[in-house]
Amino acid sequence: MKLEIKNLKTMQGHDCLAFSLTLYIDGKRSMTVRNDGNGGCHFYELGNPDYNKLKKMADALPMVVTDIKNSDGTFFEYQPDVDHIIDRLIDKTLASKKLKRLMKKKTVVIEDSEVSSWSGLPDGKWMEKGKLMELRDIIASRYPNATILNELAFDDAVELCVGKI
């Protein structure tokens, strides 16, 4: 089942992100989903049969392990629900928009889960220690563990940036 969101409108609510979006399933409009930003669950169109499809999809997902420790030292885990699926779609959409905007004029790098950007594109020429070098070579020499996102497939770059950009 391919999920896609369109018409995403967001604003910062009182307790969380307030939004409104249109959810498409397998290319067909399915439902409107919204959250008023006051800390509650998302609102879905009542009686929509596609909600049950999403519920089954969420139930089939593996448990999510967080970085929060329980009193016995194990990490807290939970079963994702439909809100979790929608939240991940929103995160991916927002990261995609921001990354697309950044990558037009900048070189975007990720290292140790931290995203940063450099003015200019990876093949742009820069002076480094008296030598004319490509920006990608300068970044590689200074940050050997960094990945230049501009040089990855866009979808792969977005996956690396979700929640970090």
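**Pocket.** I looked up the largest pocket in this predicted model and found a volume of about 280 Å³. I then listed its lining: Lys2, Leu3, Glu4, Ile5, Leu89, Lys92, Thr93, Ser96, Lys97, Asp155 and Val158. I asked which element gives the largest share of this lining. Helix H2 does, with 5 residues. I noted that E1, H2 and helix H4 (154-161) each supply at least two lining residues.

**Sheet.** I turned next to the strands. I found 4 of them in an open sheet, ordered E1-E2-E3-E4, with antiparallel pairing. Strand E1 (3-12) and strand E4 (43-44) are the edges; each has a single partner strand, so one side of each is left without a neighbour in the sheet. I reminded myself that strands of a sheet pair through backbone hydrogen bonds, either parallel or antiparallel.

**Strand pairs.** I checked E1 against E2 and counted 8 bridges between these antiparallel strands. The two form a hairpin, with 4 residues between them. Within this pair I located Lys6, which stands opposite Thr22 in E2. I then checked E2 (residues 17-25) against E3 (residues 28-35): this pair is antiparallel too, over 7 bridges. Here I picked out Phe19, which has Asn35 in E3 opposite.

**Helices on the sheet.** I asked which strands helix H1 lies across. H1 (residues 50-60) lies across E1, E2, E3 and E4, and I read an angle of about 75 degrees to E3. Helix H2 (residues 82-103) also lies across E1, E2, E3 and E4, running at about 80 degrees to E1. I had already met H2 as the source of 5 residues in the pocket lining.

**Helix H3.** I looked for buried residues in H3 (residues 135-142) and noted Leu135, Ile138 and Ile139. They cover an arc of only 95 degrees around the axis, which puts them on the same side of H3.

**Thr32.** I picked one residue of strand E3, Thr32, for a closer check. Is Thr32 buried, exposed or partly exposed? Its relative accessible area is 27%, so I entered Thr32 as partly exposed; the cut-offs are under 20% for buried and over 50% for exposed. Leaving aside neighbours within four places in sequence, I found Thr32 in contact with Ser20, Leu21, Phe43, Tyr44 and Glu45. I also looked up one C-alpha separation: Thr32 to Asn48 is 10.0 Å, for residues 16 apart along the chain.

How values were computed
Residues are numbered from 1 along each chain as its sequence is written. This is a predicted model: local features need pLDDT of at least 70, side-chain atom pairs count only at pLDDT 80 or more; totals for chains, interfaces and linings use all residues. Side-chain values use heavy atoms; hydrogens and water are left out. Two strands pair if DSSP finds at least two bridges between them. Contact means heavy atoms within 4.5 Å. Axes are lines fitted to C-alpha atoms, for helices over the stretch in contact, and angles run from 0 to 180 degrees between N-to-C directions. Buried means under 20% relative accessible area, exposed over 50%, partly exposed in between (1.4 Å probe, protein chains only). The arc is that of the directions from the helix axis to the C-beta atoms. On a 1 Å grid over the protein atoms alone, a cavity is a set of points where a 1.4 Å probe fits but cannot get out, and a pocket is an open set with protein on both sides within 12 Å along at least five of seven lines; lining residues have an atom within 4 Å of a point. Grid points are joined across faces, edges and corners, and a volume is the space filled by probe spheres set on the points.
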